[in-house]
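Got a few minutes to look at a model together? Have the chain open in your viewer and keep a finger on the residue numbers.

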Amino acid sequence: MSLPECQPIEVTADKPYPVFLGAPLEALGEYLHTQFKDLEHVLIITNPVVAELYAERLKKGLLDYRVNCLMVPAGENEKSLERLSQLTSAALRFGTDRHTLVIALGGGVIGDLAGFFASIFMRGIRLIQVPTTLLAQVDSSIGGKVAVNHPAGKNILGAFYPPQAVWTDFTTLDSLPWLEVENGLAESIKHALIRNSGLFKFFETQEDNLKQRNPLTWREMVTRSSTVKVTIVSQDEREQGLRALLNLGHSFGHALETGMNYRGVTHGQGVSIGLVAAAYLAKAKGLMTMTEIDRIKGLLSLYGLPTQIVDITLVKQDPQVLLELMKADKKNQGGRKILILPQGIGRAVISKECTDLEILEAWKQVISA
Ligand SMILES: NC(=O)c1ccc[n+]([C@@H]2O[C@H](COP(=O)([O-])OP(=O)(O)OC[C@H]3O[C@@H](n4cnc5c(N)ncnc54)[C@H](O)[C@@H]3O)[C@@H](O)[C@H]2O)c1
């Protein structure tokens, strides 16, 4: 690729940065040459699965730099303070200093962990996000949120740390297992529901092409979905308002994931059921029609995403437990639940007015009899 072929879209936040969509891994080095004249040392942080598939392609463009690769095992458990400490020791052994640039090559786990590492190592070093899952490409690599988990909760320790750039190579998605694709699809459908009815229609009409992984259709889907995220975080980088809309479906979804001890339900499945529950709640508030709810359910089902909790015994008790679990949501203010509700297809609003009874009713709607 010559660089001008790939026009970036820009996150126009406090510290603007480009998101390159459809940029080959091999060409990242060329971009670094144009941007960072002082750069000598590059630290790639990745996991063994992704490294095996893509590290060599990335390194091809980095021949002029001293490159080290730090490997983190796959899995959410790796987003921990212990792993952060180990990364720090290993980075120091490689001579990492304030002038090093970190490349986060992988899915959301690597992006969050490597990003948080870059944000605190010697008070912050340069970072490029190279997302390789659908979820990371359309969502987690954009917006500057980085974090690790704590026994008290997910993403408790984190920062807003915008990267120098996001470098998205669509071809890395070719190897992504369908279960991982589903996690990204749930977020993409959420983006469509919040902000882009045209994208929603695109999902409804492009089922075959998307399932067959037609490269042009995927390119369009990732581009349109990423653009929603770029637009929203550009207007509200620090989540003072608008950005909270991106949590649509997540208050319900997180409660479900927690209720099931993160077993038997993926994040995408939790979000999918959460979107439907939020839609029922929106209907109770007069923001949705049943026809629109059926459209949402139909679309999620088209891509194999669940719209109901089939076996409530999996969450051990009754919907009341799920309601209780929603109390822990980070968005809540002063004991009041803050919920994101869809308003038709393509719009969403923040609501502080939902009663526990209404939320309970919404839960009941997504639990099979
Ligand atoms: N920072 C944010 O704004 C933000 C937003 C949403 C989610 N997240 C975080 O993202 C994480 C989830 O990210 P995820 O869904 O990408 O999961 P992940 O990073 O765990 O990746 C999923 C799996 O896919 C494998 N993989 C990655 N790329 C691959 C490829 N191209 N081909 C084959 N296999 C590949 C990985 O090895 C891993 O096993 C969570 O920790 C979540 O908290 C962060």
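Here is a short walk through a pocket, a helix, some backbone angles and the cysteines.

Keep in mind that this is a predicted model.

**The second largest pocket**

Start with the second largest pocket, which has a volume of about 230 Å³. Its lining is made up of 13 residues, and the ones nearest the centre are Asp169, Phe170, Thr171, Asp174 and Pro215. Which helix gives the largest share of this lining? That's α9 (residues 215–235), with three residues. Sorted by class, the lining of the second largest pocket comes out as six nonpolar, five charged and two polar residues. Both domains take part: domain 1 (3–175) and domain 2 (182–365) each supply at least three residues to the lining.

**Helix α10**

Next, jump to helix α10, residues 250–259. Is this helix largely enclosed or largely open? Eight of its ten residues are buried, so the rest of the structure largely encloses α10. If you want to click through the buried ones, they are His250, Ser251, Phe252, Gly253, Ala255, Leu256, Glu257 and Gly259. Among the elements covering these buried residues are the helices α6 (178–195), α11 (267–284), α13 (319–325) and α14 (356–365), along with strand β10 (339–342). After α10 comes Asn261, which has a positive phi near 50 degrees.

**Two more positive phi angles**

Asn261 has company on that side of the plot. Arg123 isn't a glycine, yet its phi is positive, about 65 degrees. You'll find Arg123 in the loop between α4 (108–120) and β6 (126–131). With 77% relative accessibility, over the 50% cut-off, Arg123 counts as exposed. Asn155 isn't a glycine either, and its phi is positive at about 55 degrees. This one sits in a strand, β8 (residues 153–160). Asn155 counts as partly exposed, because its relative accessibility is 29%, which falls between the 20% and 50% cut-offs.

**Cysteines and a side-by-side view**

How many disulfides does the structure hold? Zero. Two cysteines are worth a click: Cys69 is partly exposed, with a relative accessible area of 25%, whereas Cys354 is buried at 9%. Under 20% counts as buried, which is why Cys354 goes in that class.

The accessibility values line up like this:

| Residue | Relative accessibility | Class |
|---|---|---|
| Cys69 | 25% | partly exposed |
| Cys354 | 9% | buried |
| Arg123 | 77% | exposed |
| Asn155 | 29% | partly exposed |

Technical notes. Residues numbered from 1 in each chain as written. Predicted model: local features only at pLDDT ≥ 70, side-chain atom pairs only at ≥ 80, totals over all residues. Heavy atoms only, no water. 1 Å grid on protein atoms, 1.4 Å probe; cavity = no way out; pocket = protein on both sides within 12 Å on 5 of 7 lines; lining within 4 Å. Points joined across faces, edges and corners; volume = space filled by probe spheres on them. Helix = DSSP H or I, 4+ residues; strand = E, 2+ residues; numbered from the N terminus. Nonpolar A, V, L, I, M, F, W, Y, C, P; charged D, E, K, R; others polar. Domains from an automatic or database assignment. Disulfide = S-S within 2.5 Å. Buried < 20%, exposed > 50% of the residue type's maximum accessible area, 1.4 Å probe, protein only. Contact = heavy atoms within 4.5 Å.
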